[in-house]
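Reader: I'm new to reading protein structures. Could you walk me through one, feature by feature?

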Amino acid sequence: MNRKELEKIKEKALEDHIPIIMDETLEVIDELLEGKKLNRILEIGTAVGYSAICFSKYLEDDGMIDTIERDPDRVKEARKNIKKAEVEQQIQIYEGDAVEILPTLNQTYDLVFIDAAKGKYPFFLMQAKRMLKEKGIILADNILYKGYVLSDYNKHKQRTAVRNLREYIKETTEDPELDTKIVEVGDGLAISKKINSK
């Protein structure tokens, strides 16, 4: 991975107000994945490719990241950035709506990173669980959504997103197959580890 290019990609994304994974969230993920080498990662929400490039350092030599993005301009930018960062052999972009693409995937993944439409998080969770390996991890970024999720926020504009994020937290924390903790870092990160089925 070309770290110099990664820094430039990050700077440009921030200048262009494109939401990318925050440094402090990456630090938490670093601690979580320290010493692990993953074979396959799924990312829902590529944006400009920044987080996928960051995640590429956790891959085994022949590991792959599958990432999904529906905005054609962002897909174009992500392809360019991934090439600049010299990780194009390890990252495959699926262009289109994750709601349509996810059910067609039949891979199994060590890690699933969710950072896309907030209102769709429960659906993404269902699909992620279906493809998660034993001891796999699901990460959901921006789970606290500007603090709205833990407050009594009920304005019409973001109501669906907030309701569905609350549902995601409820489902992951009550699921006997998942060990979930919510970390108040960045805009909130949900970490769900798959517990070995007996």
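Reader: Let's start with one residue: is Y145 buried or exposed?

Author: This is a predicted model, so keep that in mind throughout. To call a residue buried, you look for a relative accessible area under 20%. Y145 has 12%, so it counts as buried.

Reader: And what about Y148, what share of its area is accessible?

Author: Y148 comes out at 23%, which puts it in the partly exposed class. These two residues also form a ring pair: the centres of Y145 and Y148 lie 5.7 Å apart, and because their planes sit at 90°, the pair is edge-to-face.

Reader: How many aromatic pairs does the structure hold?

Author: There are 6 of them. Ring pairs can also link up into a cluster, and here Y121, F123, F124 and Y168 are joined that way.

Reader: Now the sheet. In which order do its strands lie?

Author: You read a sheet from one side to the other, and that order need not follow the numbering. Here the open sheet has 7 strands in the order β3-β2-β1-β4-β5-β7-β6, and the pairing is mixed. At the edges are β3 (91-95) and β6 (178-183), each pairing on one side only. From one strand to the next, the twist averages 15°.

Reader: What does "mixed" look like around β5, say, which way does β4 run beside it?

Author: β4 (residues 109-114) and β5 run parallel, joined by 5 bridges. One of the partnerships is F113 with L139 in β5. With β7, in contrast, β5 pairs in the antiparallel sense, over 5 bridges. There D141 stands opposite L189 in β7.

Reader: Where do side chains go along a strand?

Author: In a regular strand they alternate between the two faces of the sheet. For one residue of a strand, take K135, which is found in β5 (residues 132-141). It counts as exposed because its relative accessibility is 62%. Sequence distance and spatial distance are separate things, too: K135 and D110 are 25 residues apart in sequence, and their C-alpha atoms are 7.5 Å apart in space.

Reader: Why is β7 described as largely enclosed?

Author: Because 5 of the 6 residues of β7 are buried, the rest of the structure largely encloses it. β7 also pairs with β6 in the antiparallel sense, over 6 bridges, and I182 stands opposite A190 in β7. The hairpin of β6 and β7 has 5 residues between the strands, among them G186 with a positive phi near 55°.

Reader: Which residues other than glycine have a positive phi?

Author: The general idea is that most residues other than glycine have a negative phi. A47 has a positive phi of about 50°, and K146 has one of about 60°. A47 is found in the loop between β1 and α3 (50-55), while K146 lies in the loop between β5 and α7. A47 is buried, with a relative accessible area of 12%, but K146 is exposed, with 55%.

Reader: On to helices. Which residues of α6 are buried?

Author: A helix has 3.6 residues a turn, so residues three or four places apart point the same way. In helix α6 (residues 121-131), the buried residues are Y121, P122, F124, L125, Q127, A128 and M131. They pack against several elements, including β4, β5 and α7.

Reader: How do α6 and α7 meet?

Author: Their axes come within 8 Å and cross at roughly 35°. From α6, the contact uses Y121, P122 and L125, and from α7 it uses N164, L165, E167, Y168, E171 and T172. Sorted by type, the residues of this contact are 5 nonpolar, 2 polar and 2 charged. Helix α7 (residues 159-174) also lies across β4, β5, β6 and β7, running at about 135° to β6.

Reader: One more helix: what does α4 lie across?

Author: Helix α4 (residues 72-84) lies across β2 (59-69) and β3, at about 170° to β3. A residue to look at in α4 is N81. It counts as buried because its relative accessibility is 5%. A polar atom of the N81 side chain lies 2.9 Å from the backbone oxygen of V48. Leaving out residues up to four places away in sequence, N81 touches I9, V48 and I53.

How values were computed: Residues numbered from 1 in each chain as written. Predicted model: local features only at pLDDT ≥ 70, side-chain atom pairs only at ≥ 80, totals over all residues. Heavy atoms only, no water. Helix = DSSP H or I, 4+ residues; strand = E, 2+ residues; numbered from the N terminus. Buried < 20%, exposed > 50% of the residue type's maximum accessible area, 1.4 Å probe, protein only. Pairing = 2+ DSSP bridges. Axes fitted to C-alpha atoms, helices over the stretch in contact; angles between N-to-C directions. Contact = heavy atoms within 4.5 Å. Polar contact = N/O pair within 3.5 Å; in protein donor to acceptor, adjacent residues only side chain to side chain. Phe/Tyr/Trp six-rings, centres within 6.5 Å; stacked < 30°, edge-to-face > 60°. Nonpolar A, V, L, I, M, F, W, Y, C, P; charged D, E, K, R; others polar.
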